[in-house]
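Me: Please examine the structure below. I should like to go through it by question and answer.

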Amino acid sequence: MGGERHEPPPDGFEAELDQIDALNRMQAPRSVPAERQMTADGAQEEEVRRRDARLLSAGHAVAEADSVDEALKLVAALYDPDFPLDGQCVFGMADGTLSSLGQYGFNPGGVDRGFRMPMTTGYPAAEVARTGRAVYLASREEYQSRFPATWHMSARKNREAWAFLPLVTAGRITGVWLAAFRSPVAFTSAERALLTMTGRMIAQVLERARASRAELELSRGLRRSMRTDGPALTGLSVATRYVPTGGGLMVGGDWYDSIDLPNGRLALVIGDVQGHDVHAAGLMAQLRTAVHAYAAEGHGPDAVLARASRFLTTLDEDRFATCLYIEADPSTGDLHIARAGHPHPVLRTPDGTCLIKHVSGGLPLGLMPGEEDYPVDIVRLHEYEVLMLCTDGLIENGGHDMYTGWVRVRDAFSPGPVEDLEGMADRLMAAALSTEPGAGEDDAVRDGDDIALLLLRRDPGPARAEVSRRRLMLTVGQDQGEGLSEARAQLKALLHDWAKPDQVDTAVLLATELLGNVLVHTDQDGALNAYVTGENGHRRLLVEVMDRGDELPHQRTPGELASSGRGLMLLDILADQWGVRPEPEGKTAWFALTEGPPADAGDTTTV
């Protein structure tokens with residue numbers, strides 16, 4: 001979570017860049033007039049910045065490489081007329097032998113996968129592996145003089161300079177990197193520092209490929225588990241992106257999720273666990289699973305976040321997470337939003353205007369146990385409006401603060417057709433990952449934070465005439481014995497013109513079962529809400545029965561003589577849809593029936 005804690009770049013990258021700058025300044029000519037000196041200094045500093053930018057750009061890509069071969073190919077981008085890098089090889093060490101793990105720029109038949117050499121051989125890479133000290137050979141003559149026994153291996157390769165550097169991880173030599181050049185190289189202090197820094201990046205790729213396979217698989221598994229396609233729900237479209245930045249050297253705690261809820265709604269979640277290490281990724285995986293489970297059970301946004309906060313506290317009392325949870329109704333565009341310390345969403349109107357949508361919020365998850373209060377705001381998303389949810393990396397990457405980062409997001413989010421949701425997501429990610437005039441690529445890599453992005457668009461529905469909506473609301477108290485019969489009579493009256501009378505009987509039976517369960521198994525009153533919507537012949541009945549009891553019902557298999565336990569079984573058999581939804585106080589059991597065509601008057605049924 002980039003906004004809460006800034007950790008130093010791995011392996012002293014920042015210090016080494018400063019060292020490169022200092023070394024180049026030390027090499028500036030001292031015996032020229034002041035004006036010429038300033039000009040020379042400016043040109044040299046510009047060249048240093050240009051080279052460092054290439055290094056950082058290559059480093060960002062190298063750090064995400066999946067193999068040594070891919071890393072070497074990306075390192076080749078460091079080529080420059082003054083730094084003519086032309087061929088590379090990485091040697092591994094095992095059982096006193098050097099072997100080739102990957103190469104780039106060598107012709108077939110040269111250094112390949114079948115290369116093996118005892119570490120006692122008088123070869124530069126073997127010496128580096130034995131001593132841990134880099135070997136720099138600035139010319140062919142120097143190579144032949146220092147290593148006459150193996151000089152012939154490189155004599156016919158049309159290269160003029162070589163550097164062999166140890167690949168060190170956690171104080172242990174894990175390999176050797178060979179960098180070959182097509183023309184002589186002086187190997188100044190700045191050039192050696194550049195090679196050393198590049199070698200460190202390659203060492204991390206090698207270590208990840210060898211000893212950190214579990215971490216890599218964790219990261220990939222988490223990314224695969226995040227949906228990239230929006231759910232197929234009429235009325236809403238979703239686009240998502242996830243990019244591990246900061247060079248990709250560490251696994252972060254950012255995540256997003258979209259969850260189909262049992263009541264026909266859609267839950268959208270975005271969050272960020274503190275930290276960028278494997279522990280943060282592990283916590284994120286568990287927290288994401290818990291949020292998904294709480295949502296699937298039917299809890300409201302506030303209850304989901306409160307339970308997730310308590311769950312995170314049981315996992316790690318020293319870490320916290322921000323999260324934003326939305327329950328969206330595709331039919332109306334209503335969004336029920338709860339926020340736990342997360343950045344506010346951004347609303348894009350159909351004309352491209354972008355507004356920060358301030359919503360109420362509580363403390364980050366796990367920050368203060370016992371203080372899980374997350375108010376719910378209701379926002380209506382209108383047709384062709386887009387709501388953006390993101391983690392702070394999208395705003396702050398590249399050295400931006402919240403204000404300048406918001407301006408960058410607005411400029412990328414505003415243009416383009418609203419129909420191209422994927423294009424919007426691509427523009428936002430490109431803006432966050434590009435170098436800005438006010439912040440060099442140096443800053444973008446050092447302070448990079450993972451980025452999770454989720455875009456939600458309200459799509460226009462089919463044109464249709466307004467239809468009437470009937471509604472019945474009543475409460476049956478524990479001391480009202482006649483309440484059930486009154487509820488049955490009122491529900492029948494609500495469905496007086498329903499096309500199929502047997503569906504009316506079914507609705508009355510199921511509603512009676514739900515109300516009866518409340519009165520028999522709790523000491524609470526039961527509240528019934530019934531809604532009829534749609535056009536005649538194709539209407540939908542939704543019946544909800546609420547009580548303040550905490551215990552959720554569960555389906556049983558009653559015996560033949562059992563006097564109870566058949567309520568949920570009947571719901572499962574007779575209702576088109578049904579479910580039980582936990583509420584902040586109590587629960588709601590519901591079922592739905594869709595009006596069928598009237599029975600043919602000429603049909604007869606024999607019993």
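Me: Which residues does H342 touch, not counting residues up to four places away in sequence?

Reply: The model is a predicted one, in which local features need pLDDT of at least 70, side-chain atom pairs count only at pLDDT 80 or more, and totals for chains, interfaces and linings use all residues. Residues are numbered from 1 along each chain as its sequence is written, and side-chain values use heavy atoms, with hydrogens and water left out. H342 is found in the loop between β11 (334-340) and β12 (346-348); strands here are DSSP runs of E with at least two residues, helices are runs of H or I with at least four, and both are numbered from the N terminus. With contact taken as heavy atoms within 4.5 Å, H342 touches I270, G271, D272, T322, C323, L324, C390 and T391.

Me: Is H342 buried or exposed, and what is its relative accessible area?

Reply: A residue is buried under 20% relative accessible area, exposed over 50% and partly exposed in between (1.4 Å probe, protein chains only). H342 falls in the buried class, because its relative accessible area is 3%.

Me: How far apart are the end C-alpha atoms of helix α10?

Reply: The expected span of a helix is 1.5 Å times one less than its number of residues. Helix α10 (residues 301-315) has 15 residues and should therefore span 21 Å. Its buried residues include P301, V304, L305, A308 and L312. The distance between the end C-alpha atoms agrees with the expectation: 21 Å.

Me: Which strands stand at the edges of the open sheet of 5 strands?

Reply: Two strands pair if DSSP finds at least two bridges between them. The sheet has antiparallel pairing and the order β17-β18-β19-β21-β20, and its neighbouring strands are turned by 15 degrees against each other on average, direction ignored. Two of these strands each have a single partner, so one side of each is left without a neighbour in the sheet: β17 and β20 (577-582).

Me: At what angle to β21 does α16 run?

Reply: Axes are lines fitted to C-alpha atoms, for helices over the stretch in contact, and angles run from 0 to 180 degrees between N-to-C directions. α15 packs on the sheet, touching β17 and β18, and its direction makes about 180 degrees with that of β17. α16 lies across β17, β18, β19 and β21, and its angle to β21 is about 175 degrees.

Me: How many of the 8 residues of strand β19 (residues 540-547) are buried?

Reply: Strand β18 (residues 526-533) pairs with β19 in the antiparallel sense over 7 bridges, and A527 has M546 as its bridge partner. These two strands form a hairpin with 6 residues between them, where G534 in the turn has a positive phi of about 105 degrees. β19 is also joined to β21 by 8 bridges, again antiparallel, with E544 opposite W590. β19 is largely enclosed by the rest of the structure, because its buried residues number 6.

Me: With which side chain does the side chain of K587 make a polar contact?

Reply: K587 lies in strand β21 (residues 587-594) and counts as buried because its relative accessible area is 9%. A polar contact is a pair of N or O atoms within 3.5 Å; within protein, one must be able to donate a hydrogen and the other to accept it, and residues adjacent in sequence count only if both atoms are side-chain atoms. K587 is the bridge partner of D547. At 2.9 Å, the side chain of K587 also makes a polar contact with that of D547.

Me: Which element gives the most to the largest nonpolar core?

Reply: A nonpolar core is a set of buried Ala, Val, Leu, Ile, Met, Phe, Trp, Tyr and Cys residues joined through side-chain atoms within 4.5 Å. The largest has 29 residues, and L491, L495, L528, A530, L541 and F591 have the most contacts inside it. The elements that each supply at least two residues include β17 (470-476), α15 (483-494) and α17 (567-574). With 9 residues, the one that gives the most is α16.

Me: Which strands are the edge strands of the open sheet of 6 strands?

Reply: This sheet has antiparallel pairing and the order β3-β2-β1-β6-β5-β4, and its twist averages 25 degrees from one strand to the next. Helix α3 (residues 68-75) lies across β1 (85-94), β2 and β6 (172-181), running at about 55 degrees to β2. Strand β2 (residues 97-104) pairs with β3 over 3 bridges, and L98 stands opposite M117. The strands that pair on one side only are β3 (116-118) and β4 (135-137).
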